Amino acid sequence: MQRSIGKSIPRKETWDKVTGTAKYINDNSTRGLLHAKIAISPHAHANIKSIDLTEAMKIPGVKAIITGQNYPILTGSPLEDRPPIAIDKVRYFGEPVALVVAEQEYIAEMAALRIKVDYDRLPAVLSPREALQKNASLVHERLGEYKRHEEVYPEPGTNIANRTKIRKGNMVEGWRNCHHTVEVEVTLPQSDHAAMEMRCSMSQIMPDGKVIIHSTSQSPFVIRRAISQSFHIPLHKVIVHTPLVGGSFGGKAAIQMEFLAFLASHAVGGKAVKLVNSREVDMISSPVHIGLDAKIKLGCTRDGKLMAAEILHLFDGGAYSDRGVVMSQAGAVDCTGPYRIDNVHCDSLCMYTNHPYSTSFRGFGHPELTFAIERAMDLLANQVGMDPLKFRFYNAIRPGDTSPTQTMLNRSNLGNLPMCIAKLKTLIDWDDRPSRVSNDHLIKAKGVCCFWKNSNTPTDAGAGAVIVFNEDGSVNLLCGAVEIGQGTRTALTQLLAERLQMNEEMINISSEVNTEVDPHHWKTVASRSTFLVGNAILNAADDAIIQLKNLAAIVLHCSPKDLQVGGGRVFFKNHPDRGIPIGKLANGYRFPNGNTIGGQIIGRGSYAMRNLTLLDAETGKGNPGPEWTVGAQAVEVELNTKDYTYKIVKAATVIDAGKVINPEFARSQITGGMSMGLSLASREAFLFNEKGAIINPQFRTYKLIRFGEQPQYDVDFIETPHLEAPYGLRGIGEHGLIGMPAALASSLSTAAGVEFNHLPLTPEMIWRTIHDSV
């Protein structure tokens, strides 16, 4: 019998990628294709007094110019607060104020630069803490009038787009039982997703009213719904194509370019129009990685048992809410980190600021909340006088405990954090070498952290799958999971191959998602694709197996219960040599006399989240997701105390993966996340001037970790099956990143003897923390 789970098979799209034949959105061109470019605001907050298009329209080749006044609509989810093109005022530096359609890309770019906008500048709100002040300027004066699509709690008359409350236990009793307490304030700035492929979208409106959109997106089915709702187009007439996506990390889950591409096509009579960002525009105009200002108060007993936590999260959602409000909810749901704390008071706020608006980013609020709680954990461990890894092991959340949302945890929905910590301890030689070693001006030090992540999906998130059998015994798999570089579509074929007991090379899956023919999938985010689509695929496979057995039973004159499917055949369980090739059953079985029974074998399956509930608005009580993925991480650094530069020597992760489907994929996923987390922690940040403009909107000035700067990466797994998931797997796509900023700060704090609570951890930041009291 064939086995597929646990094998490191190559990706399905490998050949196309290594030969350069893989097609991305910007590789596509059609006859008569027009091009669009956006004109952007040079101010973070200003009223638009007038827009002069005269000079731009004089340029030969310009076909149309659109402003917000042409389409005064609001979009957004879960809160409709964002016009595709600014209408009466701009709320962030880089916001689109006009859209030019022209015959050539350079003409559209030239025309966009000729558009003259007269602004009346307004006071800008440039941090979440500033936004919370009572005298802060309002980013949205009509907050109470916006339409809401999900559970979201804006507070009109303030800059609070959403507040999520966690009220667990008795805080008075919790603090009374604390012998040690610490308070920590942390800041994490906004930054860029820095995907290799810039955002790009094409749109065409056909004569029959169909809207064809090609987009580099994680959310083709959300695009379809958003375009349908915003422009009152029947859902079945909106068709979205998404091929291979050149990296995303959450940034292409938002719907932005698609609105603009549709408006551009509509303005020129439905002709095909392509809109692609330049790198600079991609960094400042499209949605970014969320920032956080947080304050944590944490307490424990004399012997180190955690008793109480009081947490305030102020997420920098930017100018519009988008997914920032949902990320702020995620920041509340898992606010304590993976530790048992029976008394919790948390307010997690998504704040409007005059920064670029935020959207999903790998980890979805968890790198930020983990950094905050882990800095407090290090301080408290020091105060107790306990080894920081032992302190975490002692307080690690276990089956029988409850989450901050009061969900009862068990082995299936939680996994085994103590085992992760124990394995990490061995992996990094924690007991064999001191955590801090000094050699003149060079200091080596290790830091640790733990993390967890719930998926925070909608309670009805789901997916479908269809498998079609061919005459040669091969299978075509149709599903809506987008390939953004993570290998999901290959892993899904492994799940199907395992269920059908067939060679995965006999399973065909397209690299493109087409909403017209592929079954619905919520969206490719939250490390949920193998869970949602995987369950749908297994259900589709079971449906097909029943059909195969029923048809073969007629031919073989036996009961379906006597048969088994595998190896490309349907055969007797007790006599494996007797059976029928699947190819002979794929389109019905034809007897020697020509009589045919049955028809094409098509397996259908679907799956939707089960037993999830909305959170109570006052207490946060509820079940936000099917499971938590837990893990432990460590970083070793070498700090040079002469100039405060440092080298990241080693990084390690142990994660409870439930079941590792493809070991090579899994290690690559975790390693890639760790590298991204170290880059984020050590150097990545948008730099704003005093007026709110981003001053480093290009890779010359926005620094990323590079080849030659990577440390040694060690990755290992624990496998505690999640019983609701295919073969017990847990999502791990985001998790390598989550604890890296916290572990890096821990190691550098140990090395320098000073607590580092603000990212990014540049040599200048280290120097200022040590020497600059201002």
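**Aromatic rings and their partners**

The charged end of lysine 297 lies over the ring of tryptophan 175, at 4.4 Å from the ring centre. This is seen in a predicted model. A second charge sits over a ring elsewhere in the chain: the charged end of arginine 398 is placed over phenylalanine 393. Here the distance to the ring centre is 5.3 Å.

Rings also pair with one another. The count of aromatic pairs is ten. One of them joins phenylalanine 531 and tyrosine 607. The geometry is edge-to-face, with 5.5 Å between the centres and 90° between the planes. This pair links distant parts of the chain. Phenylalanine 531 belongs to helix α15 (residues 529-556), whereas tyrosine 607 belongs to strand β29 (residues 602-608). The two residues are 76 residues apart. Phenylalanine 531 has a relative accessibility of 1% and therefore counts as buried. Tyrosine 607 has a relative accessible area of 6%, so this residue is buried as well.

Phenylalanine 686 and phenylalanine 688 form another edge-to-face pair. Their centres lie 6.4 Å apart, and the angle between the planes is 70°. Phenylalanine 686 is buried because its relative accessible area, 4%, falls under 20%. Phenylalanine 688 stands at 24% relative accessibility and so counts as partly exposed. That value lies between the cut-offs of 20% and 50%.

Ring pairs also build a cluster. Its members are Tyr92, Tyr320 and Tyr357.

Conventions: Residues are numbered from 1 along each chain as its sequence is written. This is a predicted model: local features need pLDDT of at least 70, side-chain atom pairs count only at pLDDT 80 or more; totals for chains, interfaces and linings use all residues. Side-chain values use heavy atoms; hydrogens and water are left out. Rings of Phe, Tyr and Trp (its six-membered ring) pair if their centres lie within 6.5 Å; planes under 30 degrees apart count as stacked, over 60 as edge-to-face and the rest as tilted. Helices (H or I, at least four residues) and strands (E, at least two) are DSSP runs, numbered from the N terminus. Buried means under 20% relative accessible area, exposed over 50%, partly exposed in between (1.4 Å probe, protein chains only). A charge sits over a ring if NZ of Lys or CZ of Arg is within 6 Å of the ring centre and within 35 degrees of the ring normal.
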